[in-house]
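Here are some exercises to work through with the structure open beside you. Try each task before you read its solution.

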Amino acid sequence: MNAQVVKERLNEALERQIQVYPCKNLRASNLGHPCERYLYLLLTKWEEQKPHDKELQSIFNLGNKMEEFVIEQLKNAGFEVITPTQRSWKIDKPLITGREDLRIKDENGELLPCEIKGLSPMEFERLNSIEDFLNSKKYYIRAYPTQLFIYMYKFAKEHGLFILVNKLTG
């Protein structure tokens, strides 16, 4: 066995994980996208979208593991953390589905929705206020507040939290 064999097998494993899921309604994670045409085509022609590549699949996998890490760290710090028990929930009219990463109990006993985002060290340093998200040059970062706002609406909360993680330092 050599490094090339290991690399090939890892890439094959990532490629097996890539899936294009049906999109029959709006998703909280997509709603902040700046292009309405993209959202329309996502709903009407989802089966025609090009699957993402193995690098993006690896980023998704890392994000899932990062969520587990953050939840463990919060619990170790003494926070009461609730993770979703169902795969996703929905809001009717318009139909929107979503799944918060977790809810954390604040000092008043209120469960606040939280969204965990793993960021490059440069982005991590730039995001210190909601305005920083909204003024980002990257469309996907500008979209993050929409996702959290949907969660806040779903749970009728005035506040929610971003839990930002520097991918380099944790």
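**Exercise 1. Start with a polar contact**

Task: Find the side chain with which the side chain of arginine 103 makes a polar contact.

Solution. This is a predicted model, so treat each distance as a computed value. The partner is glutamate 100, and the two side chains approach to 3.3 Å. That falls inside the cut-off for a polar contact, a pair of N or O atoms within 3.5 Å.

Next, place arginine 103 in the fold: the residue belongs to strand E5. Then look beyond the neighbours within four places in sequence. Arginine 103 touches Glu80, Val81, Ile82, Leu111, Leu112, Pro113 and Phe155. Finally, turn to the last name in that list: arginine 103 lies over the face of phenylalanine 155, at 4.2 Å from the ring centre.

**Exercise 2. Follow an aromatic ring to its partner**

Task: Work out how the rings of tryptophan 89 and phenylalanine 155 are arranged, and where in the chain each residue sits.

Solution. A search of the whole structure gives six aromatic pairs. In the pair formed by tryptophan 89 and phenylalanine 155, the ring centres are 5.9 Å apart and the planes meet at 80°, so the pair is edge-to-face. Tryptophan 89 is in strand E3 and phenylalanine 155 is in the loop between H6 and E7, so the pair links distant parts of the chain, 66 residues apart. Both tryptophan 89 and phenylalanine 155 are buried.

Now compare a second pair. Tyrosine 139 and tyrosine 140 are also edge-to-face, with 5.9 Å from centre to centre and 90° between the planes. Tyrosine 139 has 41% relative accessibility and therefore counts as partly exposed. Tyrosine 140, at 39%, likewise counts as partly exposed.

To finish, widen the view: Phe133, Tyr139, Tyr140, Tyr144 and Phe162 form one aromatic cluster. One member, tyrosine 144, also has a charge over its ring, since the charged end of lysine 117 sits 4.1 Å from the ring centre.

**Exercise 3. Put the strands in order**

Task: Which strands make up the open sheet of three strands, and in what order do they come?

Solution. The order is E1-E4-E3, and the pairing is mixed. Strand E1 (26–27) and strand E3 (89–91) each have a single partner strand, so they stand at the edges with one side lacking a neighbour in the sheet.

Check the pairing of E1 next. Strand E1 and strand E4 (residues 96–98) run parallel and are joined by two bridges. Leucine 26 has isoleucine 96 in E4 as its bridge partner. Last, add the helix: H6 (residues 139–154) lies across E3 and E4, at about 85° to E3.

**Exercise 4. Trace the pairing around E6**

Task: With which strands does E6 pair, and is each pairing parallel or antiparallel?

Solution. Begin with the general point: strands of a sheet pair through backbone hydrogen bonds, either parallel or antiparallel.

- Strand E5 (residues 102–105) pairs with E6 in the antiparallel sense, over four bridges. Lysine 105 stands opposite leucine 111 of E6.
- E5 and E6 form a hairpin with five residues between them. In its turn, glycine 109 has a positive phi of about 85°.
- Strand E7 (residues 161–166) pairs with E6 in the parallel sense, over six bridges. Glycine 118 has valine 165 in E7 as its bridge partner.

One more step concerns burial. Seven of the nine residues of E6 (residues 111–119) are buried, so the strand is largely enclosed by the rest of the structure.

**Exercise 5. Judge a proline in a helix**

Task: Decide whether proline 145 is buried or exposed, and list its contacts beyond the neighbours within four places in sequence.

Solution. Proline 145 is located in helix H6. Its relative accessibility is 1%, so proline 145 counts as buried; the cut-off is under 20%. Beyond those sequence neighbours, proline 145 is in contact with Ile130, Phe133, Leu134 and Phe162. Leucine 161 is 16 residues from proline 145 in sequence, with 9.9 Å between their C-alpha atoms.

**Exercise 6. Step back to the whole chain**

Task: How many helices and strands does the chain have, and what part of its residues is buried?

Solution. The chain has six helices and seven strands. Of its 170 residues, 31% are buried. For contacts with a separation of 6 or more, 60% come from residues 24 or more positions apart.

How values were computed
Residues numbered from 1 in each chain as written. Predicted model: local features only at pLDDT ≥ 70, side-chain atom pairs only at ≥ 80, totals over all residues. Heavy atoms only, no water. Pairing = 2+ DSSP bridges. Contact = heavy atoms within 4.5 Å. Axes fitted to C-alpha atoms, helices over the stretch in contact; angles between N-to-C directions. Buried < 20%, exposed > 50% of the residue type's maximum accessible area, 1.4 Å probe, protein only. Polar contact = N/O pair within 3.5 Å; in protein donor to acceptor, adjacent residues only side chain to side chain. Phe/Tyr/Trp six-rings, centres within 6.5 Å; stacked < 30°, edge-to-face > 60°. Lys NZ or Arg CZ within 6 Å of the ring centre and 35° of its normal.
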